[in-house]
Amino acid sequence: MKYIEEFRDAALARTLAQAIGQAVEPGRTYRLMEFCGGHTHAIYRYGLPGLLPKAIKMLHGPGCPVCVLPIARVDQAIELAGRPGVILCSYGDMLRVPGSDRRTLLQAKAEGADVRMLYSIDDAVTLARQLPQRAIIFFAIGFETTTPATALAILRAQKLGLSNFFVFCNHLLTPAALDALLADSPNPGSWIDGFIGPAHVSTVIGTAAYQQVARRYRKPIVIAGFEPLDLLQAILMLVRQLNSQRCAVENQYHRVVRPNGNRLAQDYMAQVFCLRASFAWRGLGTIAASALALRPAFASFDAERHFPLAERPSREHPGCACPAVLRGQLDPAACQLFAVACTPANPLGACMVSAEGACAAVYA
């Protein structure tokens, strides 16, 4: 099959691994972070750690929107689901993420709330048309990859004149997270030498979106696809950049990603959304201009305006190491709860729940 089997060739993988081994400089360690959780799962699925030389240390980053959403937002979604006449819809991962006291949307559903798993926000718009007497709230989450779909759904709802469709918006911005991760004081980004940049996000925002971060912190970034050969080639490109003391944004995934991304998708995003002044991220703290909200012209679809939500203190599980894992400062297996008290069947943190979570990838 074109673009699948070609990028899973075992002989080529071994050749690339040998090239990486030859490229690493004696006595040097290369600490490379795969920002995207999809890359984390691919790395373990294809057994890449076993092919890489010991000098290559892979760090797992905050590139999982389910994982970086703070518990307070999960608590608010649970509160929305409990409102009379509400049907709260979202993607499957979000239903299992623990909020305060380990309460989840699935538990709220078991207690009588109308919570539904959908595969697409378009299904929520359809549901709003079918049930005009109910308030349909879509728990929207994701980086720039899923944001255009939310924008289009809101535009469709506006065109249809729906008054019972709402979005609880939690769309996050990738470059802002990279900036916040590297700005950690007193030694900005000292534990990271370079990045494997996200693939799906980059199809929307392009490679140019990362130039400022790479220049500011002098960290090379290579955008990579999700196949094993993609990742091995990206690692080789990073090693070569580091050896030559370069800090460029390079594009390994050129068969899909363009420098300026998808302009049409960007236009839809700009039409519907505006920047929030700040937003709290699990593991990274509050980051200025790092998330999106609905523009005033679309306020009638904004769940936060239609259903005022109280700001309540949230409580992380005291032993959960998700924040350190998301920053690449702790290997998931080093968490005291990993595979003991915290498993995919009994998750204590979002990193063990999400299909892109680092803990779930290592556990598998």
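**View A. Cys 169 is found in strand S6.** The model is a predicted one, in which local features require pLDDT of at least 70 and side-chain atom pairs count only at pLDDT 80 or more, whereas totals for chains, interfaces and linings use all residues. Residues are numbered from 1 along each chain as its sequence is written, and side-chain values use heavy atoms, with hydrogens and water left out. Helices (H or I, at least four residues) and strands (E, at least two) are DSSP runs numbered from the N terminus. Cys 169 has 1% relative accessibility and therefore counts as buried, a term that stands for under 20% relative accessible area, with exposed meaning over 50% and partly exposed lying in between (1.4 Å probe, protein chains only). Leaving aside residues up to four places away in sequence, Cys 169 touches Arg 73, Ala 140, Phe 273, Arg 276, Leu 292, Ala 293, Leu 294 and Glu 304, where contact means heavy atoms within 4.5 Å. Thr 147 is 22 residues from Cys 169 in sequence, and the two are 9.5 Å apart in space, C-alpha to C-alpha.

**View B. Strand S6 belongs to an open sheet of 4 strands with the order S4-S3-S5-S6 and parallel pairing.** Strand S4 (114-117) and strand S6 (165-171) form the edges, each having a single partner strand, so one side of each is left without a neighbour in the sheet. On average, neighbouring strands of this sheet are turned by 20° against each other, direction ignored; axes are lines fitted to C-alpha atoms, for helices over the stretch in contact, and angles run from 0 to 180 degrees between N-to-C directions. Strand S3 (residues 86-90) runs parallel to S4 and is joined to it by 4 bridges, with two strands taken to pair if DSSP finds at least two bridges between them. One of the residues to locate here is Cys 89, whose bridge partner in S4 is Arg 116. Helix H8 lies across strand S5 (135-142) and S6, running at about 160° to S6.

**View C. Helix H8 (residues 147-160) packs against helix H13 (residues 263-272) at an angle of about 55°, with the axes 9 Å apart.** H8 is therefore oblique to H13, given that angles under 35 degrees count as roughly parallel, over 145 as roughly antiparallel, 65 to 115 as roughly perpendicular and the rest as oblique. The crossing of H8 past H13 is left-handed, meaning that the near helix is turned anticlockwise from the far one by less than a right angle, a clockwise turn being right-handed. On the H8 side the contact is made by Thr 147, Pro 148, Ala 151, Leu 152, Ile 154 and Leu 155, and on the H13 side by Ala 265, Tyr 268, Met 269, Gln 271 and Val 272. These contact residues of H8 and H13 comprise 9 nonpolar, 2 polar and no charged, with Ala, Val, Leu, Ile, Met, Phe, Trp, Tyr, Cys and Pro counted as nonpolar, Asp, Glu, Lys and Arg as charged, and the others, Gly among them, as polar.

**View D. Helix H7 (residues 121-130) packs against H8 at an angle of about 20°, with the axes 9 Å apart.** H7 and H8 are therefore roughly parallel to each other, and H7 passes H8 in a right-handed crossing. Ile 121, Asp 122, Val 125, Thr 126 and Arg 129 of H7 make the contact with Ala 149, Thr 150, Ala 153, Arg 156 and Leu 160 of H8. By class, the contact of H7 with H8 has 5 nonpolar, 2 polar and 3 charged residues.

**View E. Strands S11 (residues 278-281) and S12 (residues 285-288) pair in the antiparallel sense over 4 bridges.** The side chains of S11 alternate, with Phe 279 and Trp 281 pointing to one face and buried, while Ser 278 and Ala 280 point to the other and are not. Trp 281 stands opposite Gly 285 of S12. The hairpin has 3 residues between the strands, and in it Gly 283 takes a positive phi near 90°.

**View F. Of the 9 residues of helix H9 (residues 174-182), 7 are buried, so the helix is largely enclosed by the rest of the structure.** The buried residues of H9 are Thr 174, Pro 175, Ala 176, Ala 177, Leu 178, Leu 181 and Leu 182.
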